[in-house]
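Here are some comments on the model, set out as numbered points for reading beside the coordinates.

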Amino acid sequence: MTLPSAPLWALSATEIAALVRARAVSATEVAQAALGRLDAVNPAINAVVDCNPEETLAAAAAVDAAIAAGRDPGPLAGVPITIKCNVDQIGHATTNGLKAQKDLIATTNSPVVDSLLLAGAVSVGRTNTPAFSYRWFTNNLLHGHTHNPRGHGLTPGGSSGGAGASVAAGICAIGHGTDIAGSVRYPAYACGVHGLRPSLGRVAAWNASGRDRAIGAQIMAVSGPLARRVDDMRIALAAMARPDPRDPWHVPMPLSGAELPRRAALCLRPDGMDTAPELVTALLESAQKLRDAGWLVEEVDTLPPIRDAVAVQLTLWFGDDYAGQVAAAEREGDPGAIAALAGQRDFALSLGMAEFSAALVKRIGIAREWNLFLERYPVVLLPPSAELPFADNLDLKSDADYRRVWTAQMSMIGLPVTGLPVLTLNTGLTEGGIPLGVQIVAPRFREDVAFDAAAAIEARGEVAPIAMAG
């Protein structure tokens with residue numbers, strides 16, 4: 001097998017796994033290259049906040065030993081990955097960006113961590129998140145500030161901001177993230193990579209350490225991959241989707257299904273979203289790329305509810321022990337977490353059991369409307385946000401800026417209510433180097449359909465280069 005001319009840390013996960021399995025390079029060589037890249041760029045961006053090189057090299061050596069013994073090392077053989085610091089990983093603190101949890105050392109792996117490591121992936125470190133994983137910006141009092149490798153003036157996104165930055169900067173080929181209201185998709189968009197929020201129930205997840213999440217978060221949260229190539233997201237999801245009895249809501253569905261019509265709906269301004277002109281252009285160009293690939297794409301003025309879904313999402317999130325969330329944020333003293341909750345105070349205090357119950361019922365109706373719409377259009381293209389990636393910490397500058405951020409993020413917040421897979425696809429950079437992208441929605445448990453559409457667009461367009469931060 002011919003070795004690529006690019007350095008090992010710059011290769012895709014698919015390329016690395018093929019080279020390692022063919023013994024063209026060793027997993028140890030790949031791990032050394034990834035650790036070298038981390039040393040070179042991480043001081044400038046602070047994406048990885050917990051790294052144990054000896055552990056990384058030992059895991060790589062185990063992959064090499066399996067191959068030498070003739071055993072299958074797994075589909076992610078030797079692929080460098082990062083793990084978000086809000087899930088359990090043996091021997092590491094499940095901090096979730098909190099000083100209060102700096103010594104909360106996990107004694108077991110979360111199912112998603114087990115799934116990635118059993119597939120042969122090699123963890124090079126744990127990535128930063130805002131306190132409590134609340135914001136679309138990433139800094140906290142424990143681990144500090146994560147910067148976007150595309151430019152420090154831009155947010156790296158959140159809450160999986162460290163994951164997005166580590167993938168964009170070439171520290172890893174695949175980043176693990178979690179998503180309740182855009183926490184995988186927005187960092188992918190902001191950092192110029194791809195991110196998938198899988199179908200609810202696709203990826204098993206559970207943390208033994210710490211308190212269980214609030215009910216609203218439990219019925220929304222999913223783990224998903226971030227990567228620089230669509231094919232890498234495919235193999236990452238295949239690894240992540242391993243069944244695990246610790247998650248009773250995991251659904252062991254096939255990763256692909258019957259062929260569906262290659263028909264897509266394009267909506268430039270869902271629910272009246274004031275979409276930035278650059279994103280409108282990205283959507284129109286992506287639609288044309290799908291047409292060039294043989295898809296029928298129809299522009300539509302309206303989609304099933306998104307704005308109403310936002311209200312449901314916020315009710316389930318803030319209607320479940322809002323006072324307890326505020327008290328925890330104040331104990332931590334984190335300005336971002338306090339501001340995130342304070343900005344929703346009036347709404348949260350208006351909620352009671354009746355409103356919470358009604359939101360659960362309304363959620364079913366919204367999901368049904370989306371399912372029916374996807375019967376006609378198996379793919380939906382829509383904006384990832386109303387705006388280009390925000391200036392860093394924009395939500396803390398003023399009350400008006402806080403509202404601006406939340407208004408722009410309607411499609412990030414609302415879509416998880418449906419339980420559908422949603423993929424954020426990078427479509428290149430502006431002339432000024434700011435990432436562009438689109439969101440792709442597909443039927444439940446049909447991530448393969450979203451991947452197919454994303455791959456058709458990716459193959460006919462630009463892919464943002466690795467950010468040479470540091």
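**Notes on the predicted model**

1. The largest cavity is lined by Tyr 134, Arg 135, Trp 136, Phe 137, Ala 340, Asp 395, Tyr 402, Val 405 and Trp 406, and please keep in mind throughout that this is a predicted model. The volume of this largest cavity comes to about 50 Å³, and the count of cavities of 30 Å³ or more is two. Helix H15, residues 399-408, gives the most to the lining of the largest cavity, with three residues.

2. Turning to the sheet, eleven strands form an open arrangement with mixed pairing, in the order E1-E3-E2-E6-E8-E7-E12-E13-E11-E9-E10. The edges are strand E1 (48-50) and strand E10 (296-299), each of which pairs on one side only. On average, and with direction ignored, neighbouring strands of this sheet are turned by 30° against each other.

3. Strand E6 (174-179) deserves a paragraph of its own, since its pairing and its burial can be read together. With E2 it pairs in the parallel sense over two bridges, and Ile 81 has Ile 174 in E6 as its bridge partner. With E8, by contrast, E6 pairs in the antiparallel sense over six bridges, where Gly 175 stands opposite Leu 226 in E8.

4. Are the residues of E6 buried or exposed on its two faces? Ile 174, His 176 and Thr 178 point one way from E6, while Gly 175, Gly 177 and Asp 179 point the other way, and all of them are buried. The strand is accordingly described as mostly covered, with six of its six residues buried.

5. Helix H5 (residues 161-168) lies across E1, strand E2 (80-84), strand E3 (122-127), E6 and strand E8 (222-227), and runs at about 25° to E8.

6. Elsewhere in the sheet, strand E9 (residues 263-266) and strand E11 (residues 379-382) pair in the parallel sense over three bridges, and Val 379 in E11 is the bridge partner of Ala 264.

7. Helix H10 (residues 307-318) allows a simple check of geometry: at 1.5 Å a residue its twelve residues should span 16 Å, and the end C-alpha atoms are 17 Å apart, which agrees. This helix is mostly covered, with nine of its twelve residues buried. The buried residues of H10 are Ala 309, Val 310, Val 312, Gln 313, Leu 314, Thr 315, Leu 316, Trp 317 and Phe 318. When looking at that list, recall that an α-helix has 3.6 residues a turn, so residues three or four places apart point the same way.

How values were computed
Residues are numbered from 1 along each chain as its sequence is written. This is a predicted model: local features need pLDDT of at least 70, side-chain atom pairs count only at pLDDT 80 or more; totals for chains, interfaces and linings use all residues. Side-chain values use heavy atoms; hydrogens and water are left out. Two strands pair if DSSP finds at least two bridges between them. Helices (H or I, at least four residues) and strands (E, at least two) are DSSP runs, numbered from the N terminus. Axes are lines fitted to C-alpha atoms, for helices over the stretch in contact, and angles run from 0 to 180 degrees between N-to-C directions. Contact means heavy atoms within 4.5 Å. The expected span of a helix is 1.5 Å times one less than its number of residues. Buried means under 20% relative accessible area, exposed over 50%, partly exposed in between (1.4 Å probe, protein chains only). On a 1 Å grid over the protein atoms alone, a cavity is a set of points where a 1.4 Å probe fits but cannot get out, and a pocket is an open set with protein on both sides within 12 Å along at least five of seven lines; lining residues have an atom within 4 Å of a point. Grid points are joined across faces, edges and corners, and a volume is the space filled by probe spheres set on the points.
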